[in-house]
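Please walk through this chain with its sequence and model at hand. The paragraphs below start from a single residue and work outward.

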Amino acid sequence: MGSPENPAEAGRRSTRIRAQIPIRVTSLDSATPFSESGHTLVVNTQGCGVRLSRALEPGLAVSLDELPAGSVTARIANCVPLGAGGQWWMVGIALDEPGNVWGIHPAPADWGPDAAIAAAAGTTGSTAIPTKSGEWPFRQFSSRGEFHPGKR
């Protein structure tokens, strides 16, 4: 297999899956009160992209609730407006502890138990994806193609 052509792909540590999973995002910072239910748009073992009704600051600590695995903690990685109206935001969220908290079965091969270990050994800090100004960051999927659970 060849090397990824784009730097965002090189930094990605597990396959992204388009999935609508119910979720509640709640701020853990009392200075930024926020709690909203929604659903994921894309997920992987390091985090997700969620459509929310307001922008959240990168670095904000949040709780992700109502997941198949219960509740987990995470941080806002990035936030970009969806469309010109500013009514919706695509919020990238990085899990504090990587894993398949989404309940995806069967999961891609790179989501196995070794994926969490490899992710933990990777670089720390923001997992924001470099994008062009105004570009939806989750438009770029794996060069291996999308994964569709249950399809062969």
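In which strand does E66 lie? E66 lies in strand β5. The model is a predicted one, and in it E66 has a positive phi of about 70 degrees although E66 is not a glycine. The side chain of E66 also takes part in a salt bridge with that of R24, with a distance of 3.5 Å from N to O. R24 belongs to strand β2 (residues 22-27) and E66 to strand β5, so this pair ties together parts of the chain that are 42 residues apart in sequence. Side chains of opposite charge can pair when their charged atoms come close. A search of the whole structure finds 1 salt bridge. R24 counts as partly exposed because its relative accessibility is 26%, and the partly exposed class lies between the limits of 20% and 50%.

The strand that holds E66 leads on to its neighbours. Strand β5 covers residues 61-67 and runs antiparallel to strand β6, residues 70-82, with 5 bridges joining the two. One contact in this pairing is that of L64, whose bridge partner in β6 is V72. The two strands form a hairpin, and 2 residues lie between them.

Strand β6 is also joined to strand β7 (residues 88-95), again in an antiparallel arrangement, here by 8 bridges. N78 has G92 of β7 as its bridge partner. β6 and β7 form a hairpin as well, with 5 residues between the strands. In that turn, G83 has a positive phi of about 80 degrees. In a regular strand the side chains alternate between the two faces of the sheet.

How do these strands fit into the chain as a whole? The secondary structure comes to 2 helices and 7 strands, and reading along the sequence gives the pattern α-β-β-β-β-β-β-β-α. The chain has 152 residues, and buried residues make up 39% of them. Of the contacts between residues at least 6 apart in sequence, 61% join residues at least 24 apart. The accessible surface of the chain comes to about 8,500 Å², and carbon and sulfur atoms account for 53% of that area.

Next come the loops. Q46 sits in the loop between β3 (35-44) and β4 (47-52). Is Q46 buried or exposed? Q46 is buried, because its relative accessible area is 7% and the limit for a buried residue is under 20%. The C-alpha atom of Q46 is separated by 5.8 Å from that of A94, although the two residues are 48 apart along the chain.

A second loop, between β7 and α2 (113-121), holds P106. The peptide bond from H105 to P106 is cis, with omega near -5 degrees.

Aromatic side chains are the last topic. How many aromatic pairs does the structure hold? The structure holds 0 of them. A charged side chain does, however, sit over a ring: R51 lies over the face of W88, at 4.0 Å from the ring centre.

To return to the starting point, E66 combines a place in strand β5 with a positive phi and a salt bridge to R24.

Conventions: Residues are numbered from 1 along each chain as its sequence is written. Side-chain values use heavy atoms; hydrogens and water are left out. Two strands pair if DSSP finds at least two bridges between them. Helices (H or I, at least four residues) and strands (E, at least two) are DSSP runs, numbered from the N terminus. Rings of Phe, Tyr and Trp (its six-membered ring) pair if their centres lie within 6.5 Å; planes under 30 degrees apart count as stacked, over 60 as edge-to-face and the rest as tilted. A charge sits over a ring if NZ of Lys or CZ of Arg is within 6 Å of the ring centre and within 35 degrees of the ring normal. A salt bridge is a side-chain nitrogen of Lys or Arg within 4 Å of a carboxyl oxygen of Asp or Glu. Buried means under 20% relative accessible area, exposed over 50%, partly exposed in between (1.4 Å probe, protein chains only). Contact means heavy atoms within 4.5 Å. Accessible areas come from the Shrake-Rupley method with a 1.4 Å probe; for residues, only the protein chains shown count as cover.
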